[in-house]
Amino acid sequence: MKTYQDTVEWMFQQLPMYQRIGKQAFKKDLSNTLSLAEHLDHPEKAFKSIHVAGTNGKGSVSHMLASIFQSAGYKTGLYTSPHLKDFRERIRINGLEIPQEDVISFIDENQIFLGQHKLSFFEMTVGMAFNYFAKEKVDIAIIETGMGGRLDSTNIITPQLSVITNIGMDHTAYLGNNLAEIAGEKAGIIKKKVPVVIGERHEETASVFQAKAKDLESEIYFAEDFEFSEYHTDLKGEYQKKNLKTVLASIKVLKGDGWKITEEAVINGLNNVKLHTGLQGRWEVIREKPKVICDTAHNTEGLKLVIEQLKKEKFQHLHIVLGVVSDKDLNAVLPLFPKEARYYFAKPDVPRGLLATILKKEGLKYALEGEVYESVYEAFQAAEEESLDEDLIFIGGSNFTVAEVL
């Protein structure tokens with residue numbers, strides 16, 4: 001590979017990537033990941049880790065935890081997905097993205113193995129992250145699952161703590177058709193005698209987690225059972241309150257296991273998540289007059305929380321730039337959106353993006369009215385042109401939609 005762009009293009013095009021093509025990139029076992037780990041001399045065993053799964057909030061929780069550990073003086077790795085603008089966002093140490101040279105050299109050195117074993121984009125990326133964290137000798141790495149847990153490529157680690165933020169009806173084609181089944185897949189990250197923190201307690205899922213933890217002799221904690229003082233974070237959005245409690249519960253358990261994290265580190269870490277980790281797209285205000293907010297929420301549970309907060313904002317008119325992927329359950333998400341808004345429908349610039357004409361047609365079934373645009377950016381420009389200073393523009397529906405305006 002000659003350049004970073006060449007390398008990334010090869011990764012995107014040569015191997016299946018769920019983020020782009022969806023279902024056909026999904027693999028139902030860990031054999032490829034385990035083969036790659038062996039080929040790389042098991043880098044996942046060379047560093048301590050925290051494993052984070054969940055339907056919503058796992059990205060925010062992972063970034064908050066990373067920021068706190070950085071503030072506490074630990075050399076902190078962070079693996080998350082998907083990325084918004086650049087592939088390297090997925091792999092960071094103390095907030096700094098993996099250098100382009102390391103991406104190029106990893107693919108160059110392992111390209112024959114990757115090709116022969118037909119590794120997926122995600123499997124390859126996990127191997128790259130673990131190899132980088134081991135090489136750079138991180139003190140701790142926060143590892144976010146891609147999808148599910150039990151069969152997720154990240155699930156070859158034995159962490160210091162497992163964290164499951166919540167359970168919702170997302171990726172049902174892969175994870176199950178009810179909350180208990182999905183919880184069973186997420187519970188797959190629980191390891192023998194490794195404590196686990198559950199972010200939200202629900203009747204349908206609590207017993208699933210408790211049974212798994214008991215079977216593996218793992219201490220289980222529910223975040224709502226803890227009492228904390230009032231803390232704040234620079235991540236805006238009412239929904240972050242639940243994520244914040246999950247993080248605080250996790251830190252309390254980790255401190256009990258000997259990690260040295262002061263109160264000052266917790267406060268500093270929570271107040272500087274964006275600065276320390278580069279997180280974007282979570283209730284992010286990108287300008288004022290008119291106020292422009294974007295959020296990457298894309299499933300029913302996440303969108304409910306975002307739309308609720310949107311309704312609390314003060315504005316004269318509401319403009320919504322909307323783009324989704326083709327496997328989205330529109331009958332579940334479109335009814336959540338406010339009917340009084342003006343809509344700007346666009347197709348995200350990925351193969352999985354849903355045609356804007358189809359989105360508009362489906363939106364009309366729920367009285368969501370607006371026009372179709374050639375691209376997300378053109379839709380955003382049109383919304384800006386038609387907005388008064390007192391109006392509000394919201395951009396969302398997909399990670400890809402948000403990425404095109406950041």
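Student: In this predicted model, what share of the contacts between residues at least 6 apart in sequence join residues at least 24 apart?
Tutor: In the protein chain that share is 76%. A contact here needs heavy atoms within 4.5 Å.

Student: Why is the protein chain called as compact as a globular protein of its length?
Tutor: The chain has 17 helices and 14 strands. Its radius of gyration is 21 Å, and the globule rule gives 22 Å for 406 residues; the two values are close, so the chain is as compact as a globular protein of that length. Along the principal axes, the C-alpha atoms fill a box of roughly 55 × 55 × 40 Å.

Student: How many of the 406 residues are buried, as a percentage?
Tutor: Buried residues make up 58%.

Student: Why is Asn 56 counted as buried?
Tutor: Buried means under 20% relative accessible area. Asn 56 has 16% relative accessibility, so Asn 56 counts as buried. This residue lies in the loop between strand E1 (49–53) and helix H4 (58–71). Leaving aside residues up to four places away in sequence, Asn 56 touches Thr 165, Asn 166, Asn 299, Glu 301 and Gly 302.

Student: What makes Glu 217 partly exposed?
Tutor: Partly exposed lies between the buried limit, under 20%, and the exposed limit, over 50%. Glu 217 has a relative accessible area of 48%, so Glu 217 is partly exposed. Glu 217 sits in the loop between helix H9 (203–215) and strand E8 (220–222). Its phi is positive, about 55 degrees, although Glu 217 is not a glycine.

Student: Is Trp 283 buried or exposed, and how do you know?
Tutor: Trp 283 has 4% relative accessibility, so Trp 283 counts as buried. Trp 283 also has a positive phi, about 45 degrees, without being a glycine. Its place is in the loop between helix H12 (273–277) and E9.

Student: Which peptide bond is cis at Pro 82, and what is its omega?
Tutor: The bond from Ser 81 to Pro 82 is cis, with omega near -5 degrees. Pro 82 lies in the loop between strand E2 (76–79) and strand E3 (91–93). A cis peptide bond also joins Lys 289 and Pro 290, with omega about -10 degrees. Pro 290 is in the loop between strand E9 (284–287) and strand E10 (291–294).

Student: Where does pLDDT stay under 50?
Tutor: It does so over residues 19–26, for which the model has 21 contacts beyond four places in sequence. Where pLDDT is low, the predicted coordinates should not be read in detail. For the protein chain, the average pLDDT is 93, and 94% of the residues score at least 70.

Key: Residues are numbered from 1 along each chain as its sequence is written. This is a predicted model: local features need pLDDT of at least 70, side-chain atom pairs count only at pLDDT 80 or more; totals for chains, interfaces and linings use all residues. Side-chain values use heavy atoms; hydrogens and water are left out. pLDDT is the predictor's confidence in each residue, from 0 to 100. Helices (H or I, at least four residues) and strands (E, at least two) are DSSP runs, numbered from the N terminus. The radius of gyration is taken over C-alpha atoms; the globule rule is 2.2 Å times the number of residues to the power 0.38. Buried means under 20% relative accessible area, exposed over 50%, partly exposed in between (1.4 Å probe, protein chains only).
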